[in-house]
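Visitor: I would like to go through this model with you, one question at a time. Could you show it to me before we begin?

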Amino acid sequence: ATQARFAPQCIEGRLWIVPSWHEAPREGIVLRLDPAMAFGTGSHPSTRLVLAWLARGLAPGASVLDYGCGSGILAIAAAKLGAARVDAVDVDVLALAATADNARANAVGLRALGPEQLPAGDYDVVVANILSQPLIVLEPLLAARTRPGGRIALSGILETQAEEVAAAYQAHFEVRTAAREEGWALVEGRWR
(Lines give C-alpha, C1' and ligand atoms only; values in the text may rest on other atoms or scores of the structure.)
Protein backbone atom coordinates (compact mmCIF):
# COMPACT_ATOMS: atom_id res chain seq x y z
CA ALA A 1 0.00 0.00 0.00
CA THR A 2 2.85 2.40 0.80
CA GLN A 3 4.62 1.61 -2.47
CA ALA A 4 1.44 2.32 -4.44
CA ARG A 5 1.58 5.94 -3.22
CA PHE A 6 4.98 6.53 -4.87
CA ALA A 7 5.05 6.50 -8.66
CA PRO A 8 7.78 7.84 -10.95
CA GLN A 9 7.65 11.63 -11.26
CA CYS A 10 8.98 13.74 -14.09
CA ILE A 11 10.35 17.18 -13.25
CA GLU A 12 10.67 19.74 -16.04
CA GLY A 13 10.48 17.02 -18.69
CA ARG A 14 14.02 15.80 -18.01
CA LEU A 15 14.57 14.71 -14.40
CA TRP A 16 12.84 11.55 -13.20
CA ILE A 17 12.44 10.57 -9.54
CA VAL A 18 11.87 6.81 -9.60
CA PRO A 19 11.37 4.42 -6.65
CA SER A 20 13.36 1.18 -6.91
CA TRP A 21 10.27 -0.98 -7.50
CA HIS A 22 9.44 0.88 -10.74
CA GLU A 23 11.16 0.55 -14.09
CA ALA A 24 13.18 3.62 -15.03
CA PRO A 25 12.35 5.53 -18.21
CA ARG A 26 14.81 5.12 -21.05
CA GLU A 27 15.30 8.85 -21.58
CA GLY A 28 16.08 11.64 -19.19
CA ILE A 29 18.05 11.86 -15.97
CA VAL A 30 16.96 9.21 -13.46
CA LEU A 31 17.28 9.64 -9.71
CA ARG A 32 16.43 6.45 -7.80
CA LEU A 33 14.95 7.15 -4.36
CA ASP A 34 12.76 5.17 -2.00
CA PRO A 35 10.78 6.67 0.88
CA ALA A 36 12.57 6.24 4.21
CA MET A 37 13.18 8.04 7.50
CA ALA A 38 14.54 11.30 6.05
CA PHE A 39 12.35 13.92 4.32
CA GLY A 40 12.48 14.20 0.55
CA THR A 41 10.96 11.79 -1.95
CA GLY A 42 9.94 14.38 -4.51
CA SER A 43 6.27 14.00 -3.67
CA HIS A 44 5.99 17.17 -1.55
CA PRO A 45 5.41 20.45 -3.43
CA SER A 46 8.29 22.19 -1.62
CA THR A 47 10.73 19.55 -2.86
CA ARG A 48 9.32 19.61 -6.40
CA LEU A 49 9.71 23.41 -6.51
CA VAL A 50 13.47 23.18 -5.84
CA LEU A 51 13.93 20.19 -8.14
CA ALA A 52 12.25 22.12 -10.97
CA TRP A 53 14.40 25.19 -10.21
CA LEU A 54 17.56 23.07 -10.41
CA ALA A 55 16.41 21.29 -13.59
CA ARG A 56 15.68 24.61 -15.31
CA GLY A 57 18.81 26.50 -14.45
CA LEU A 58 21.71 24.67 -12.81
CA ALA A 59 24.85 25.45 -14.80
CA PRO A 60 27.11 22.48 -15.53
CA GLY A 61 30.18 22.50 -13.30
CA ALA A 62 28.52 24.55 -10.55
CA SER A 63 29.30 24.05 -6.87
CA VAL A 64 26.16 23.35 -4.82
CA LEU A 65 25.33 23.37 -1.11
CA ASP A 66 22.13 21.62 0.01
CA TYR A 67 21.51 22.87 3.53
CA GLY A 68 19.05 20.68 5.45
CA CYS A 69 19.49 17.81 2.99
CA GLY A 70 17.12 15.21 4.47
CA SER A 71 17.20 12.26 2.06
CA GLY A 72 19.71 14.05 -0.17
CA ILE A 73 17.27 14.33 -3.07
CA LEU A 74 18.25 17.92 -3.96
CA ALA A 75 21.98 17.27 -3.64
CA ILE A 76 21.75 14.11 -5.73
CA ALA A 77 19.64 15.87 -8.35
CA ALA A 78 22.25 18.66 -8.53
CA ALA A 79 25.02 16.09 -9.05
CA LYS A 80 23.03 14.29 -11.74
CA LEU A 81 22.29 17.63 -13.44
CA GLY A 82 26.03 18.31 -13.78
CA ALA A 83 27.21 20.04 -10.60
CA ALA A 84 30.95 19.56 -10.14
CA ARG A 85 30.98 19.74 -6.33
CA VAL A 86 28.05 19.03 -4.03
CA ASP A 87 27.94 19.25 -0.25
CA ALA A 88 24.86 18.13 1.67
CA VAL A 89 24.41 19.32 5.26
CA ASP A 90 21.98 18.26 7.97
CA VAL A 91 21.86 18.28 11.77
CA ASP A 92 20.21 14.83 11.79
CA VAL A 93 22.68 11.92 11.62
CA LEU A 94 19.94 9.69 10.16
CA ALA A 95 19.47 12.20 7.33
CA LEU A 96 23.21 12.21 6.66
CA ALA A 97 23.25 8.41 6.54
CA ALA A 98 20.24 8.41 4.19
CA THR A 99 21.92 11.00 1.95
CA ALA A 100 25.14 8.98 1.78
CA ASP A 101 23.22 5.76 1.04
CA ASN A 102 21.08 7.43 -1.63
CA ALA A 103 24.14 9.02 -3.25
CA ARG A 104 25.81 5.60 -3.48
CA ALA A 105 22.63 4.06 -4.92
CA ASN A 106 22.66 6.78 -7.59
CA ALA A 107 26.42 6.54 -8.25
CA VAL A 108 27.05 10.22 -7.55
CA GLY A 109 29.79 11.81 -5.52
CA LEU A 110 28.88 14.24 -2.78
CA ARG A 111 29.83 14.94 0.81
CA ALA A 112 27.19 14.43 3.54
CA LEU A 113 28.25 16.54 6.52
CA GLY A 114 27.07 17.93 9.81
CA PRO A 115 27.11 21.75 9.95
CA GLU A 116 30.26 21.73 12.08
CA GLN A 117 32.07 19.58 9.48
CA LEU A 118 31.43 21.89 6.53
CA PRO A 119 34.78 23.28 5.39
CA ALA A 120 35.31 26.97 4.69
CA GLY A 121 34.30 28.19 1.26
CA ASP A 122 31.38 29.36 -0.77
CA TYR A 123 29.15 27.96 -3.51
CA ASP A 124 27.67 28.98 -6.85
CA VAL A 125 24.28 27.66 -5.72
CA VAL A 126 22.79 27.20 -2.25
CA VAL A 127 19.47 25.38 -1.81
CA ALA A 128 17.52 24.89 1.40
CA ASN A 129 14.12 23.22 1.75
CA ILE A 130 13.45 23.60 5.45
CA LEU A 131 10.73 25.85 6.96
CA SER A 132 10.33 29.63 6.95
CA GLN A 133 11.53 30.45 10.48
CA PRO A 134 14.71 28.35 10.31
CA LEU A 135 15.40 29.86 6.87
CA ILE A 136 15.09 33.36 8.33
CA VAL A 137 17.46 32.47 11.20
CA LEU A 138 19.93 30.86 8.76
CA GLU A 139 20.16 33.89 6.45
CA PRO A 140 23.61 35.07 7.67
CA LEU A 141 25.05 31.56 7.36
CA LEU A 142 23.53 30.84 3.92
CA ALA A 143 24.50 34.28 2.62
CA ALA A 144 28.10 33.72 3.79
CA ARG A 145 28.15 30.41 1.89
CA THR A 146 26.92 31.96 -1.39
CA ARG A 147 29.60 33.16 -3.80
CA PRO A 148 29.29 36.76 -5.09
CA GLY A 149 26.98 36.52 -8.09
CA GLY A 150 25.76 33.13 -6.82
CA ARG A 151 22.18 32.01 -6.54
CA ILE A 152 19.99 30.74 -3.73
CA ALA A 153 16.72 28.80 -3.76
CA LEU A 154 14.66 28.53 -0.59
CA SER A 155 11.61 26.34 -0.09
CA GLY A 156 9.53 24.77 2.67
CA ILE A 157 7.78 28.14 2.73
CA LEU A 158 4.03 28.60 2.74
CA GLU A 159 2.87 31.20 0.19
CA THR A 160 1.74 33.42 3.07
CA GLN A 161 5.31 33.38 4.48
CA ALA A 162 7.21 34.06 1.25
CA GLU A 163 7.28 37.83 1.68
CA GLU A 164 8.74 37.55 5.20
CA VAL A 165 11.45 35.12 4.06
CA ALA A 166 12.30 37.30 1.04
CA ALA A 167 12.59 40.36 3.30
CA ALA A 168 15.10 38.52 5.52
CA TYR A 169 17.36 37.88 2.48
CA GLN A 170 17.15 41.32 0.83
CA ALA A 171 20.30 42.64 2.48
CA HIS A 172 22.46 40.20 0.52
CA PHE A 173 20.32 39.07 -2.42
CA GLU A 174 18.02 40.37 -5.12
CA VAL A 175 15.08 38.15 -4.18
CA ARG A 176 11.67 37.24 -5.53
CA THR A 177 9.05 34.56 -5.17
CA ALA A 178 9.83 32.52 -8.27
CA ALA A 179 7.25 29.73 -8.15
CA ARG A 180 4.23 28.46 -6.26
CA GLU A 181 2.60 25.06 -5.97
CA GLU A 182 -0.30 23.88 -3.81
CA GLY A 183 0.11 26.71 -1.28
CA TRP A 184 3.91 26.45 -1.11
CA ALA A 185 6.42 28.95 -2.51
CA LEU A 186 10.00 29.03 -3.73
CA VAL A 187 12.02 32.18 -3.01
CA GLU A 188 15.04 32.64 -5.24
CA GLY A 189 17.83 35.18 -5.08
CA ARG A 190 21.06 36.29 -6.67
CA TRP A 191 23.92 37.61 -4.52
CA ARG A 192 24.19 41.41 -4.95
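Visitor: Leaving aside its neighbours within four places in sequence, which residues is Asn 102 in contact with?

Guide: The model is a predicted one, and in it Asn 102 is found in helix α3, which covers residues 93-105. Once the neighbours within four places in sequence are set aside, the residues in contact with Asn 102 are Leu 33, Ser 71 and Ile 76.

Visitor: Does Asn 102 count as buried or exposed?

Guide: The class depends on relative accessible area, and buried means under 20%. Because the relative accessibility of Asn 102 is 15%, this residue counts as buried.

Visitor: How do the residues that line the largest cavity divide into nonpolar, polar and charged?

Guide: The count comes to 1 cavity of 30 Å³ or more, and the volume of the largest cavity is about 50 Å³. Its lining includes Phe 6, Ile 17 and Asp 34, as well as Leu 33, a residue that is also in contact with Asn 102. By class, the lining residues of the largest cavity are 6 nonpolar, 2 polar and 1 charged.

Visitor: How many residues apart are Glu 12 and Arg 56, a pair that links distant parts of the chain?

Guide: The side chains of Glu 12 and Arg 56 meet in a salt bridge, at 3.2 Å from N to O. Glu 12 sits in the loop between β1 (9-11) and β2 (15-18), whereas Arg 56 belongs to helix α1 (residues 45-57), and the two are 44 residues apart.

Visitor: In the salt bridge of Arg 48 and Glu 182, is Arg 48 buried or exposed?

Guide: The two side chains of this pair, Arg 48 and Glu 182, meet at 3.3 Å, N to O. The pair links distant parts of the chain, with Arg 48 in helix α1 and Glu 182 in the loop between β9 (173-181) and β10 (184-191), 134 residues apart. Glu 182 counts as exposed because its relative accessibility is 62%, whereas Arg 48, at 15% relative accessibility, counts as buried.

Visitor: Which residues are linked with Arg 48 in a network of salt bridges?

Guide: The count of salt bridges comes to 10, and one of them joins Arg 48 to Glu 182. The residues linked with Arg 48 in a network of salt bridges are Glu 181 and Glu 182.

Visitor: Which strands do Arg 147 and Asp 124 lie in?

Guide: Arg 147 and Asp 124 form a salt bridge, with their closest N and O atoms 2.8 Å apart. The pair ties together parts that are 23 residues apart in sequence, because Arg 147 lies in strand β8 and Asp 124 in strand β7.

Notes
Residues numbered from 1 in each chain as written. Predicted model: local features only at pLDDT ≥ 70, side-chain atom pairs only at ≥ 80, totals over all residues. Heavy atoms only, no water. Helix = DSSP H or I, 4+ residues; strand = E, 2+ residues; numbered from the N terminus. Buried < 20%, exposed > 50% of the residue type's maximum accessible area, 1.4 Å probe, protein only. Contact = heavy atoms within 4.5 Å. 1 Å grid on protein atoms, 1.4 Å probe; cavity = no way out; pocket = protein on both sides within 12 Å on 5 of 7 lines; lining within 4 Å. Points joined across faces, edges and corners; volume = space filled by probe spheres on them. Nonpolar A, V, L, I, M, F, W, Y, C, P; charged D, E, K, R; others polar. Salt bridge = Lys/Arg side-chain N within 4 Å of Asp/Glu carboxyl O.
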